[in-house]
Structures are given as structure tokens and as C-alpha cells.
Amino acid sequence: MTNNSKENNMKHPLTSLVGVLALGLTLTLTGCGSDNSDSGMAMDGTSAPAADTGHNEADVSFATEMIQHHKQALDMVEMTSGRQLDPAVRTLADDIKAAQAPEIQTMNGWLSSWGTSTPSASASHDMGDMGDMESMPGMMTDDEMSSLEKAPDADFQKMWLQMMVKHHQGAVQMAQTEQNGGEYQPAVDLAGKIIADQNKEIATMTQLIASS
């Protein structure tokens with residue numbers, strides 16, 4: 001046998017071995033890719049988005065009731081339109097609207113995603129008999145809302161501040177209940193924001209009342 005024939009016979013087993021190893025590596029990598037997909041891992045190796053953490057009855061009650069609570073606060077803000085107010089009170093009213101209107105939209109979105117009916121969009125003080133709404137902490141009665149709306153400018157600002165302090169205190173209480181019993185993390189987080197924001201506004205309003 002010539003030297004060339006011997007070299008060719010030695011190359012064939014090596015070529016076959018390299019091919020087998022390459023095929024095995026390809027299958028191994030493919031299998032790893034399938035495992036990442038099944039385990040919730042993204043293609044780049046990062047974790048896939050976490051699933052919804054779920055919600056409970058406390059979350060539903062919080063969203064449903066806080067929407068109505070916020071709506072009454074916005075009704076009270078609307079009553080300041082055209083009134084003679086100190087600049088600090090006007091700024092406060094604007095801040096309340098800027099914070100609570102988006103929060104209503106957020107909570108309505110939660111209720112819709114949970115398959116729960118959302119509260120009526122009508123103004124709270126135009127609903128006649130408010131029923132269970134008046135049992136919420138800090139909610140004004142129809143008579144109180146009517147008195148505020150009819151108050152002369154000389155009395156309106158102080159009355160508005162006093163009522164809004166009470167209203168905010170009720171919202172803080174409701175938010176604390178959600179923090180203690182809620183399960184849906186975004187709702188628990190919003191409750192914490194409400195507590196922080198409204199406690200700060202309560203302090204501001206208390207100072208404004210004392211200086212009026």
C-alpha cells in the first residue's frame with residue numbers, strides 16, 4: 001500500500017468523528033434553547049416578565065370605593081372654580097385634581113381587567129341618595145356638599161379646607177386597610193402613595209386653616 005493510501009484511510013475516521021461531535025453539539029444547544037423557553041426565560045437569558053400576582057376581595061373593595069371617594073374630592077375641587085381663594089389653596093386644589101384623576105383611571109382599569117363593574121361616572125353629589133357611599137371614611141353627606149356649594153365666598157375657603165381635611169383622613173384610613181389586607185401589589189403600592197400624598201396635603205391644609 002502506498003503512503004497516500006495510508007494517509008487517506010487515516011483521514012476518513014477523523015472526518016467522521018468530527019462530524020458526529022458537531023452534530024451532538026448542535027443537538028445539545030437546541031435542547032438548551034427549548035429548556036429556556038419552557039422555563040420562562042427570554043432568549044437573551046433574562047427572566048421573562050412575572051405573571052399577575054392575583055387579587056382578592058380587599059383589592060376590589062379598595063378600588064371600587066376609592067374611585068367614588070376620589071370622585072367626591074374632584075367634585076369639591078370643581079366647586080372652587082370661580083371662587084376667591086388664596087393662591088396656596090388654589091395650588092392645593094390643582095394638585096388634588098392632578099393626582100386623583102389619573103388614579104381613578106388606573107383603578108377603573110384594574111376593575112375592568114378583573115371583570116368587575118366600575119362605579120358610575122356621574123358626580124357623587126348629584127346621585128341623590130348616596131347610600132353606602134356615606135359609610136366610607138371621610139365621605140361628605142349630600143347636605144354637607146350642598147352647604148359647601150352654597151357657601152358665600154367669605155366662608156367657602158375655610159369650610160372647603162376643613163371638609164377636605166376630613167375627606168383626606170378618610171382616604172388615608174381606606175388606604176391603610178388596603179395595605180393590611182390587599183394582595184394585588186400595584187393596588188398596595190397605590191395605597192402607599194395615597195397615604196404619603198394625602199398626609200402631606202393634610203399638614204398643608206391644617207396650616208392654612210390655622211392661618212386663616
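**Close-up views of a six-helix model**

**View 1. Arg83, a charged residue that counts as buried.** Let's start with Arg83: at 16% relative accessibility, this residue falls in the buried class (buried means under 20% relative accessible area, exposed over 50%, partly exposed in between, with a 1.4 Å probe and protein chains only). We're looking at a predicted model, in which local features need pLDDT of at least 70, side-chain atom pairs count only at pLDDT 80 or more, and totals for chains, interfaces and linings use all residues. Residues are numbered from 1 along each chain as its sequence is written, and side-chain values use heavy atoms, with hydrogens and water left out.

**View 2. The whole protein, before zooming in further.** Here you'll find six helices and zero strands, running α-α-α-α-α-α from the N terminus on. Helices (H or I, at least four residues) and strands (E, at least two) are DSSP runs, numbered from the N terminus. The protein has 212 residues, and 33% of them count as buried. About 12,300 Å² is exposed, with carbon and sulfur atoms supplying 54% of it; these areas come from the Shrake-Rupley method with a 1.4 Å probe, and for residues only the protein chains shown count as cover. Take the contacts (heavy atoms within 4.5 Å) between residues at least 6 apart in sequence: 74% of them join residues at least 24 apart.

**View 3. Asp153 and Arg83 joined by their side chains.** The two side chains meet in a salt bridge, 2.8 Å from N to O. By salt bridge we mean a side-chain nitrogen of Lys or Arg within 4 Å of a carboxyl oxygen of Asp or Glu. Asp153 belongs to helix 5, while Arg83 sits in the loop between helix 2 (57-78) and helix 3 (87-113), so the pair ties together parts that are 70 residues apart in sequence. Asp153 is partly exposed, at 34% relative accessibility, whereas Arg83 is buried. A search of the whole structure turns up four salt bridges.

**View 4. Glu144 reaching Lys166.** This salt bridge spans 3.8 Å, N to O. It links distant parts of the chain, with Glu144 in helix 4 (residues 142-150) and Lys166 in helix 5, 22 residues apart. Glu144 is partly exposed at 27% relative accessibility, and Lys166 is partly exposed at 38%.

**View 5. A salt bridge within helix 6.** Asp197 pairs with Lys193, and their closest N and O atoms are 2.7 Å apart. Both lie in helix 6 (residues 185-211), and because they are four residues apart there, about one helical turn separates them. Asp197 is partly exposed, with a relative accessible area of 29%, and Lys193 is partly exposed too, with 38%. Glu103 joins in as well: salt bridges that share partners link Glu103, Lys193 and Asp197 into one network.

**View 6. His167 and Gly170, two buried residues of helix 5.** His167 lies in helix 5 (residues 153-181), and so does Gly170. How buried are they? His167 has a relative accessible area of 1%, and Gly170 comes in at 3%. Skipping residues up to four places away in sequence, His167 touches His69, Gln72, Ala73, Met76, Gly138, Met139 and Met140. With the neighbours within four places likewise left aside, Gly170 contacts His69, Pro137 and Gly138. Gly170 and His69 are 101 residues apart along the chain, yet their C-alpha atoms are separated by 8.8 Å.
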